Amino acid sequence: MPVTVVVGAQWGDEGKAKVIDLLSKEHGYVVRYQGGHNAGHTVVVGDERYALQLIPSGILYDHVVPVIGNGVVVDMVTLFNEIDTLERRGISCARLIVSSHAHLIFPWHQAWDAHAEAGRGDDKIGTTLKGIGPAYADKARRVGIRAGEVLDASAFAISLKDRATAENVALAAAGATVLDVDAIVEQFTVLAARLAPYVGDTVSELHDALAAGHQLLLEGAQATFLDLDHGTYPYVTSSNPTSGGACVGTGLGPRDIDRIVGITKAYTTRVGSGPFPTELLDELGEKLVDIGREFGTVTGRRRRPGWIDCVMLRQAVRLNSLTELALTKLDVFDTFEQVRVCVGYRVGGTTLRHYPDRIELLADVEPVYIDMPGWNQSLAAVREPGQLPAQAQDFLRLVEREVGVPIRIVGVGAERDDYLLWS
Ligand code: IMP
């Protein structure tokens with residue numbers, strides 16, 4: 001399987017980093033293909049906890065070449081904070097390659113993100129305020145600055161000053177917070193010089209790696225239902241986390257990809273605004289948040305909890321051509337008397353098995369649940385499918401049957417080795 005894509009099948013925070021960490025063992029390259037430092041990937045190795053936002057989590061393995069693909073938007077401040085933190089902890093980042101076509105994030109993108117959110121009043125998207133949307137907007141408007149531009153320091157300095165000045169005029173005119181242009185030019189000229197040695201032609205690098213027989217792992221950030229085209233628009237991110245985005249964001253073609261792993265939690269969470277049919281607004285939801293530690297890695301925000309939703313997961317299979325699922329955090333249900341699995345949406349007297357095209361409908365649908373008894377025991381030490389309590393096995397089989405693809409990896413705890421291969 002030369003190229004594997006890992007994609008979130010829900011609204012993010014499914015535990016992708018843990019699965020990527022596990023799969024990284026067999027891959028020579030781990031490649032981020034979209035998003036930026038709005039992502040938060042946590043890997044727990046023994047007593048050490050690594051929280052990464054931009055650098056592919058494969059960095060934790062010496063044999064992996066980590067790549068930031070052309071589809072990513074790169075905040076250099078975060079990138080170098082991450083590099084410095086990892087290197088202080090003994091992990092070399094020298095082999096990191098950043099695509100020359102990746103767009104860079106600057107303080108005006110964050111200023112615009114904050115200004116747009118403030119202007120939405122009660123109808124906020126709930127962005128991470130990292131400047132992601134404005135950076136992708138600049139890319140689409142063809143005024144963005146790309147990583148490759150840092151290779152020509154004097155041209156970069158001119159472009160930086162021009163853009164910062166123009167953006168400041170526009171920010172002032174819009175009544176937004178203005179920037180200190182000179183300070184930005186000074187700070188980002190230094191960062192650009194630091195970025196230069198990492199910048200490369202990642203398209204050639206990845207195709208050459210494939211030709212040389214390497215296995216590549218393409219790491220999605222955010223998730224299917226935050227996809228700009230297929231998610232719950234406008235409550236989405238500004239990139240394409242779905243597997244098609246993995247081609248666009250790396251320069252690999254669709255026929256290069258053979259395995260596409262969708263990650264789902266045993267339940268669902270979402271951060272920020274937007275419809276959420278299986279949302280739990282009661283004390284069971286509180287229990288999920290407490291036990292599952294459902295607070296954002298990047299913003300610290302409480303995640304909204306709910307039951308697993310097979311209607312969404314069926315749609316994720318279609319949108320991504322998922323070949324399998326990895327189901328994480330099954331252990332969070334260890335003390336639940338009952339668990340529920342949403343298998344359809346009831347609306348206007350009919351039951352939908354497929355995700356509605358009109359997102360507005362999601363606010364009115366009533367989930368159709370199948371209730372399953374809990375297992376009332378700890379899964380912490382389970383490493384073989386046969387050791388799982390019958391109720392947990394039934395839960396996994398029901399999800400597989402309803403979604404229509406096999407579950408291969410099942411997570412039963414936060415640590416690197418807390419998983420089992422179910423099928
Ligand atoms: P943005 O990506 O910062 O523009 O935020 C847009 C939406 O995506 C908001 O609802 C965020 O909470 C959500 N979002 C962005 N990144 C992540 C993530 O890594 N996990 C979960 N939600 C995210």
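## Domain arrangement

In this predicted model, the C-alpha centres of domain 1 and domain 3 are separated by 24 Å. The domain assignment divides the protein chain into domain 1 (3-100 + 198-260), domain 2 (103-196) and domain 3 (264-421). Domain 1 is thus given as two segments, 3-100 and 198-260.

Contact between domain 1 and domain 3 involves 40 residues of domain 1 and 40 residues of domain 3.

## Nonpolar cores

The largest nonpolar core comprises 70 residues, of which Leu218, Leu330, Phe333 and Phe395 touch the most other members. This core lies between domain 1 (3-100 + 198-260) and domain 3 (264-421), because both domains give residues to it. Another core lies apart from this one; it has 43 residues, including Val43, Val72, Leu96 and Ala102.

Phe333 illustrates the packing in detail. Leaving aside residues up to four places away in sequence, Phe333 touches Ala266, Tyr267, Leu288, Trp307, Val339, Trp375 and Phe395. One of these, Phe395, is itself among the residues of the largest core that touch the most other members. In soluble globular proteins, nonpolar side chains tend to be buried together.

## Ligand site

The ligand is surrounded by 15 residues, and the closest are Asp13, Asn38, Thr128, Thr237 and Arg301. By class, the shell around the ligand divides into 6 nonpolar, 7 polar and 2 charged residues.

Oxygen atoms of the ligand take part in polar contacts with side chains and with the backbone. A polar side-chain atom of Thr128 is 2.5 Å from a ligand oxygen, and an N or O atom in the side chain of Arg301 is 3.0 Å from an oxygen atom of the ligand. At Gly126, a polar backbone atom lies 3.3 Å from a ligand oxygen. On its own, the ligand has 470 Å² of accessible area, and the protein covers 96% of this area.

Note on methods
Residues numbered from 1 in each chain as written. Predicted model: local features only at pLDDT ≥ 70, side-chain atom pairs only at ≥ 80, totals over all residues. Heavy atoms only, no water. Near = heavy atom within 4 Å. Polar contact = N/O pair within 3.5 Å; in protein donor to acceptor, adjacent residues only side chain to side chain. Areas by Shrake-Rupley, 256 points an atom, 1.4 Å probe, with all protein chains shown as cover. Nonpolar A, V, L, I, M, F, W, Y, C, P; charged D, E, K, R; others polar. Core = buried A, V, L, I, M, F, W, Y, C linked by side-chain atoms within 4.5 Å. Buried < 20%, exposed > 50% of the residue type's maximum accessible area, 1.4 Å probe, protein only. Domains from an automatic or database assignment. Contact = heavy atoms within 4.5 Å.
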